[in-house]
Amino acid sequence: MRSKALAAIALAAATALGLSACGGSSSGNTADKEIVLWHMENTPSREKAFQKLADEYNETNPEYKVKIQVQDWGQVYTKIAAAAQSGKQPDILFAIPDFATYVRGLGLGQPVNDIVDDVKKNDGLIKAATAPYTDGGDVWAVPLYGMVQMLWYRADLFKAAGIDAAPSTWSELLADAKKLSAGSTTGIAVPSGKNLATDQVLYSFMVTGGAANMFSKDGKVAIDNDKTVGAFDLYKQLVALSPKDAGNYSWPEPQAALNSGATAMAVEKGQYLAPFESESGRPASDLGCAPIPVADDGGKTGSIYYSNGGMILSKDKAKQQGAGKFLEWVLDPKHYGDFLNAEPGLFLPVTENGATESNWRDNPVISTYKNCVDAMLKQSETGELFGFVDGQYISSIGEISGQNILAQAVQQMTVNGMSAKEAVAWAQKQMQDAIAK
Amino acid sequence: MRPTLRLGRIPAAISMIVLTVIVIGPIYWVVSSAFKTRQEILQATPTWWPQNFTLSNFEQLFMTTDYALYLRNSVIVAVATTIVTLIVSLAAAYGLYRLRVPGSGKIAGIVLLSYMIPGTLLIVPLYKTLAGAGLIDTYAGLVLVNVAFTAPFCTWLLRGFIFSVPAELDEAAAIDGAGPVRTMVQVVLPLMAPGVATVAVYSFVYSWTEFVFASQFIVSDTLKTLPIGLSALVGQYTVNWGLVMAGTVSTLLPTVILFVFVGKYFVGGLIAGATK
Amino acid sequence: MTAPVSTRSARTVNSRPRRSAGVGRTTTSTKVLGYVLVAPIVAIMAFVIAFPLVNAVITSLQDQRVIGSPADFVGLDTYLKVLGDDKFWSALGRSGIWLIVNMIVQTILAFATALLLQRSGWWSKSARTWIVLPWVVPTVAVAVIWQWLLNSNYGIIHKMFAAVGIDIGAPFADGPLTLITVILVNSWHWFPLSAVVIYGALATVPHEVIEAAKMDGANAWRTFWSVTFPLLQPVLFALGLVGSLWSFNVLDTIYLTTKGGPAGATTTMPVYIYDTAFSAFRSSEAAAASVLTVIVLAIAGVLFVRFARPKDFA
């Protein structure tokens, strides 16, 4: 009798102990004077740089100290949704425009017009940076850093093939790519896996093909037109000129191919600058950059461009102010350079002051590749992002980008053999279904 | 141990070679690449042995990432999962298969049902449930979720071990005046040591490699486990291959060490009783 | 005090598992102890699996879009929508292929490994430790490593085959063939677990029985099929059942390599459900698809048990 009771108690205790004794819970005490910040830049170098800035800020003894919790893009959509329902959302959330529409859809976030006006006044803001967060006059996130795509190429391979200038039109691009395809080298490497990388590179060509706007004036999907077909057709040809397993490429593979010389060209953002020398073993001068080639007729210079912004999700007035203070502190020219150099070359300034800031410019990568950096800044001026073109704000864009419909359309062409026209019609239907009821 | 079925010499030799290549091959390649420079990893003509042997990837791993922290967290969660799984599944197996609590058939059915449910479905409702209990962002929450997925299989696994302990021993103990608890603790359990080893290794490895729930239910940096740290190395927009290789090796190493020591018990444990 | 392991198993292998007669008189104290022992697992499973499951069933009867957003009750409308979706059915079919091919490949690998592990050579001795390596590598790493190994520019496997004149093309990007590639990667990751379980089971077959059969003139194959295999059946049955369920629900291997592409070639049911829930933000449809999946698996499970169940499996 007693031993049975003892056993029951022992078992219950052991189970409870097993569960709670290891309850190494993280925070808990200083939650009151703390602002929690979520960002998704989880590569080690970026994490460290952001943490360093947060520490610096906290040392100035602000009323609210910043506590960073790094998340991953793969999980943050569910995490923020679940957090919203449990009331445990962070105070600041770094977002990209389509993610911001999703977050707003969860009932989180608020206009940050005051902060944005302040920054505009003190440091000047690039218009393209606030555009994708502006809905009906209100700005829903403070732009923090921008990204734009360029045509990257191996200058040494170009020289060896006798090409003296980077292509500036689509026909030149195709001709050069064919010329550079020799032996085991491919002329270009564009991704065509089912992922965001493919979406973005294809979109850059849609922009330079004059098909930047995917929506009609009343917010309906309207990509079924000749310009889009032209862009899709170009992309189909580019994939054919890329390595044969491009069908599963996302970000790392084209970069690895360019750095190892397996391909001569690639289209991507500024992350190509920093690792080039160490991965390729070649001097910096071998990395060439140029604006993305435009369509032969009806094309316009441009590229995909978007800024990452800070949304303020806190419902507490005092914390909102504290959050705003931190964001303005980050954008202050004294610190902004350090912020941007978390990933030099990839993170571009959204303020005019920031672009001339010596803190940023003195970074070895930025100074070595000064020409490319300036070219990227110039390209940013004509940058676009689908769903937010010409002042539009399509709040259901997340449903389209989440499913990588553009990438899927590319796969319809490359795997299922659809023509560009058929693929565009297919994509039109998919997008309509995605945002329909 | 005499084989119950021998493959002929040649098929056996071929099979051994094939297995060695497909298992050791990729592992070797990862390990050797962990000591190569980023450039050498990507070059068009692969090198079997690092041309420029370097420890910089590991250096970077330990200096710029919180690897040591992730390792500690993974160990804590894995050990806790193992202990709790052992307690819970041993108890359940004993109750169901030794003491013949009615409903063992139904319980077996529920066990199966739990493995039929696509895990995706559980993520958000489970988050809400755990949040309600204050278990988000805690070791306890992760351990609880892990145990819920390891315990059913382990209970089933222990079934055979329980049956292999002869019932006469229970009777003998009863005659000696031992109550059911003493019989359980002092007579039957000690004879199930191999079963214990099997359950321990299985739940440890499950917990060590678990990613989906760990990434969803842990929010702070200080509690992240190794798989989360590893997936962060395959970052947004760019990948540092050397770091990824070093990270993989560093995730593998602890379990390899564990296996070298415990391996023979695991495998030997399955010998004794994965029957019935 | 304890008999050596092998003879103990020998004694109990061929006899039925004892019923409760004699195993501790079923007194009240034994009964109570029994319930106390079973309580923790029931509690944990109720908390972690049952509550969310009920929640999911409720969601499937609504028209919820983003997880947790306000939604109305629509009865079976969502189910009808899902059943009318072509993609649902092709995902289901693909899952069937996924399941069958995985089980075939893994069974062959696992059996071959188990048989080889039994030997007494140095290979077998060393293999008993390193054969589990693929299982121990986190799936994230498995995905990255295999994509890297098979890359056409710097992947070693590509180079090796090219050196003997074979062009393996694009294993992860070749339309329908991609499914085979992912199945092989998945099998690589999981076969050691089955191998070790089968190895353990093989080792319990008592030598005397084998010797007796041999002395009766049976050759190796006959011995295996008429003597060993029947004794292995319970383990194979359990492994087959649980292993199939695990295999069916694999998500991360596929998602981390191809995300269900190219052009949907690797979109199995778990991938379909995940995409519907988290990429298309239609959580009610995902919940409905999940419930339908559970029903399909339950039916398949019942059939499997009825037809494949070995005789004395309780």
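## Strand pairing and the sheet of chain A

Two strands count as paired if DSSP finds at least two bridges between them. In this predicted model, strand β7 (residues 150-154) of chain A is joined to β9(A) by four bridges, and the two strands run antiparallel. One of the partnered residues is A:Leu151, whose bridge partner in β9(A) is A:Ala290.

β7(A) and β9(A) belong to an open sheet of three strands, ordered β8-β7-β9 in chain A, with antiparallel pairing. β8 (265-268) and β9 (287-290) of chain A are the edge strands, each pairing on one side only. From one strand to the next, the twist averages 30°. Helix α11(A) packs on this sheet, where it touches β7 and β8 of chain A, and its direction makes about 145° with that of β8(A).

## Helix α3 of chain A

Helix α3 of chain A covers residues 73-86. At 1.5 Å a residue, its 14 residues should span 20 Å, and the end C-alpha atoms are 20 Å apart, so the expected and modelled spans agree. α3(A) nevertheless has a kink of about 25°, centred on A:Lys79. After the helix comes A:Gly87, with a positive phi near 70°.

Because ten of its 14 residues are buried, α3(A) is largely enclosed by the rest of the structure. The buried residues are A:Gln75, A:Val76, A:Tyr77, A:Thr78, A:Lys79, A:Ile80, A:Ala81, A:Ala82, A:Ala83 and A:Ala84; the kink is thus centred on one of them, A:Lys79. Their packing partners come from three chains: α4 (97-105) of chain A, α6 (119-132) and α11 (212-217) of chain B, and α13 (269-278) of chain C.

## Contact between chains A and B

The contact between these two chains involves 49 residues of chain A and 43 residues of chain B. On the chain A side, at least two residues each are supplied by α1 (2-20), α2 (44-59), β2 (65-70), α3, α11 (252-260) and α12 (276-280). α1(A) gives the most to this side, with nine residues. By residue class, the side of chain A that touches chain B divides into 17 nonpolar, 25 polar and seven charged residues.

α3(A) and α11(A) therefore appear in two settings each. α3(A) supplies residues to the side that touches chain B and has buried residues packed against helices of chains A, B and C. α11(A) supplies residues to that side too, and packs on the three-stranded sheet.

## Chain C

Chain C has 14 helices and zero strands. Of its 314 residues, 49% count as buried. Among its contacts between residues at least 6 apart in sequence, 69% join residues at least 24 apart.

The loop between α12 (252-257) and α13 of chain C holds C:Pro262. A cis peptide bond, with omega about -15°, joins C:Gly261 to C:Pro262. C:Ala263 lies in the loop between α12 and α13 of chain C. Its phi is near 50°, a positive value in a residue other than glycine. C:Ala263 counts as buried because it has 23 C-beta neighbours inside 10 Å, the cut-off being 20 or more.

## A positive phi in chain A

A:Asn404 is a residue other than glycine with a positive phi, near 50°. The loop that holds A:Asn404 runs between α19 (397-401) and α20 (405-414) of chain A. A:Asn404 has 23 C-beta neighbours inside 10 Å, so it counts as buried.

Notes:
Residues are numbered from 1 along each chain as its sequence is written. Chains are lettered from A and ligands numbered from 1 in the order in which they are written. This is a predicted model: local features need pLDDT of at least 70, side-chain atom pairs count only at pLDDT 80 or more; totals for chains, interfaces and linings use all residues. The expected span of a helix is 1.5 Å times one less than its number of residues. The bend at a residue is the angle between axes fitted to the seven residues ending there and the seven starting there. A residue is buried if 20 or more other C-beta atoms lie within 10 Å of its own, exposed if 12 or fewer, and partly exposed in between; C-beta atoms are placed from the backbone. Two residues are in contact if their C-beta atoms, placed from the backbone, lie within 7 Å. Ala, Val, Leu, Ile, Met, Phe, Trp, Tyr, Cys and Pro count as nonpolar, Asp, Glu, Lys and Arg as charged, and the others, Gly among them, as polar. Axes are lines fitted to C-alpha atoms, for helices over the stretch in contact, and angles run from 0 to 180 degrees between N-to-C directions.
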